[in-house]
Amino acid sequence: METKRAHHVVVVPYPSQGHYNPMLQFSKRLVSKGLKATLAITRFISRSLNHNNPPGSVQIDTISDGFDDGGAKEDYVKRFQAAGSKTLADLIIKYKNTSHPVDCIVYDAVLPWALDVAQQFGLVGAAFVTHMAAVNYIYYNAHHKLLPLPVVSSPVTIPGLPPLEIRDLPSFIYAADSYPAYLELVLAQFSNMNKADYVLVNTFYKLEEQVVDAMSKVWGCPLLTIGPTIPSLYLENRLQVDNDYGLNLFQLDSSMSIDWLNNKPPRSVIYVSFGSMADLNDKQMEELAHGFKRSNFYFLWVIRDSEESKIPRGFKEETSKSNVGLIVNWSPQLEVLADEAIGCFFTHCGWNSTIEALSLGVPVVAMPQWTDQTTDAKFVEDVWKVGVRVRVDDNGIVSREEIESCIRDVMEGERGGEMKKNAKKWKGLAIEAVSEGGTSDTNVDKFVSKWVS
């Protein structure tokens, strides 16, 4: 009797940790549904990986972004399109005469050339949106001139979204002249997205119900919410041994953070992290340090090694000696957020961090920096009501007094209690979405049913 082959999906992320994580998690879901999944990462990234932590049953293969040996990333988008298109085609050809020829390309939506390659070979093509639906819908409106740029007045009204002030828009929109290459990148995804077979969005339906309904009416192809894409252990715990993303670009040692948290009372610690790309100035780092100290709560602060010199002299040693604070260069974020000692998450509000906090029921102090983070923070405070957003002074600085006030707002009192209650609600809905029969799980099944009957 002939064995039915597992259909093969190649997943192509934009080469950064924040894009790899959700697309790798989606790949694991496909494998659990009976498909074969290959994550196509760049050759340069492949050489940098922590190979002691393989991504389970997802296969890794490589393509080129035109910078296989690293170096200055001049004209990165154009070179990636040229080298990526050729090497993705080569990858498809390589598998053509094997027992697992490629059936589908799932590509990061900001790499629209991958859809052209998929269609060149007659394959199914699905765009994967790594950030929240609302942000992508703002970009959609900008691309189609429904939101004229530059935006000069507010509120901005878009069907399915709450009224938005200029500061609530993605920075590529409200400061378009400051980020022309990035603006081009996020708008170019719509050059052919209407030709994709599916658009997969890293959110869950009840989290963005109104905007997803509005988008579905105009998108031109099936739109499926498939998130939150975080390891199964922290959600419905259906996927075996899925307790980590499993593809890390940094050296990892989780023991210091977790050992420190183990000795702290429940809900007593502020976890502070601004992601892998934040570049705060010395003054802002000083205000953060003093704000955390003034709050009189314990704090665990993740600061990249290259940024440590910006904190006040002696601050790290002082807080460590008093056991009030711990400063580390890296921490296992999901494991930390799931720890009962954590009372709130002081974050830049990148989408991965935001949806992790929502999925684990942790209230938030939002200090967005750029890109989609400003819109994520708007929803955290005003739509989902799970946190507060800091206010910036006339010099572009968040003061120590503001930092202390926001932390106390979340950690204490009646308003903090309401945020904790809402965070618990969204945690339950996130788990429900990916559990068997939930909206996200059903949408993954819809995608898989293209091949599996």
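This talk goes through two groups of strands, three single residues, a cavity and a pocket in one structure.

Before anything else, please keep in mind that the model is a predicted one, and that the values I quote have been computed from it.

Let me begin with the sheet in the later part of the chain. It is an open sheet of six strands, and the order across it reads β10-β9-β8-β11-β12-β13, with parallel pairing. The two edges are taken by β10, residues 325-328, and β13, residues 387-389; each has a single partner strand, so one side of each is left without a neighbour in the sheet. Going from one strand to the next, the twist averages 15 degrees.

At the β10 edge we can look at the pairing in some detail. Strand β9, which covers residues 298-302, runs parallel to β10 and is joined to it by four bridges, and within this pair L300 stands opposite L326 of β10. Helix α10, residues 282-295, packs on the sheet, where it touches β8 (269-273), β9 and β11 (342-347), and the direction of the helix makes about 155 degrees with that of β9.

Between that helix and that strand there is a residue I would like to pause on, namely F297, which sits in the loop between α10 and β9. Is F297 buried or exposed? With a relative accessible area of 15%, F297 is buried, since the cut-off for that word is under 20%. Leaving aside residues up to four places away in sequence, F297 touches S268, I270, F292, V324, I407, R408, M411 and E412. As for distances along and across the fold, F297 and C406 are separated by 109 residues in sequence, while their C-alpha atoms are 12 Å apart in space.

I turn now to the strands that come earlier in the chain, taking β4 to β7 in turn. Strand β4, residues 102-108, pairs with β5 in the parallel sense over five bridges, and V106 stands opposite A126 in β5. On its other pairing, β5 is matched with β6, again in the parallel sense, over four bridges, and there the bridge partner of A126 is Y198. Strand β6 in turn pairs with β7, residues 223-225, through three bridges in the parallel sense, with L223 of β7 as the bridge partner of V199.

How much of β5 is buried? For this strand, residues 124-129, the count is six of the six residues, so β5 is largely enclosed by the rest of the structure. Both of its faces are covered, with V124, A126 and F128 buried on one side and G125, A127 and V129 buried on the other. Strand β6, residues 198-201, can be described in a similar way: Y198 and L200 point one way, V199 and V201 point the other way, and all are buried.

A further buried residue is S27, which is found in helix α1, residues 17-32. Its relative accessible area is 0%, and, not counting residues up to four places away in sequence, S27 touches V11, A37, L39 and V58.

Let me move on to empty space. Rolling a probe the size of a water molecule over the atoms shows where such space is left. Among cavities of 30 Å³ or more, the count here comes to one, and the volume of the largest cavity is about 60 Å³. Which residues line the largest cavity? They are R29, K33, I226, P228, T229, A433, V434, S440, D441 and V444, and by class they divide into five nonpolar, two polar and three charged. Helices α16 (413-434) and α17 (439-448) each supply at least two residues of this lining, and α17 gives the most, with three.

Last comes the second largest pocket, which holds about 310 Å³ of space. Its lining is made of 16 residues, and P368, Q369, V392, G396 and V398 are those nearest its centre; by class, the lining has eight nonpolar, five polar and three charged residues. One of these central residues, G396, lies in the loop between β13 and α15 (400-411), and at 47% relative accessibility G396 counts as partly exposed. In sequence G396 and Q284 are 112 residues apart, yet from C-alpha to C-alpha they are 9.0 Å apart in space.

Terms used
Residues numbered from 1 in each chain as written. Predicted model: local features only at pLDDT ≥ 70, side-chain atom pairs only at ≥ 80, totals over all residues. Heavy atoms only, no water. Pairing = 2+ DSSP bridges. Axes fitted to C-alpha atoms, helices over the stretch in contact; angles between N-to-C directions. Contact = heavy atoms within 4.5 Å. 1 Å grid on protein atoms, 1.4 Å probe; cavity = no way out; pocket = protein on both sides within 12 Å on 5 of 7 lines; lining within 4 Å. Points joined across faces, edges and corners; volume = space filled by probe spheres on them. Nonpolar A, V, L, I, M, F, W, Y, C, P; charged D, E, K, R; others polar. Buried < 20%, exposed > 50% of the residue type's maximum accessible area, 1.4 Å probe, protein only.
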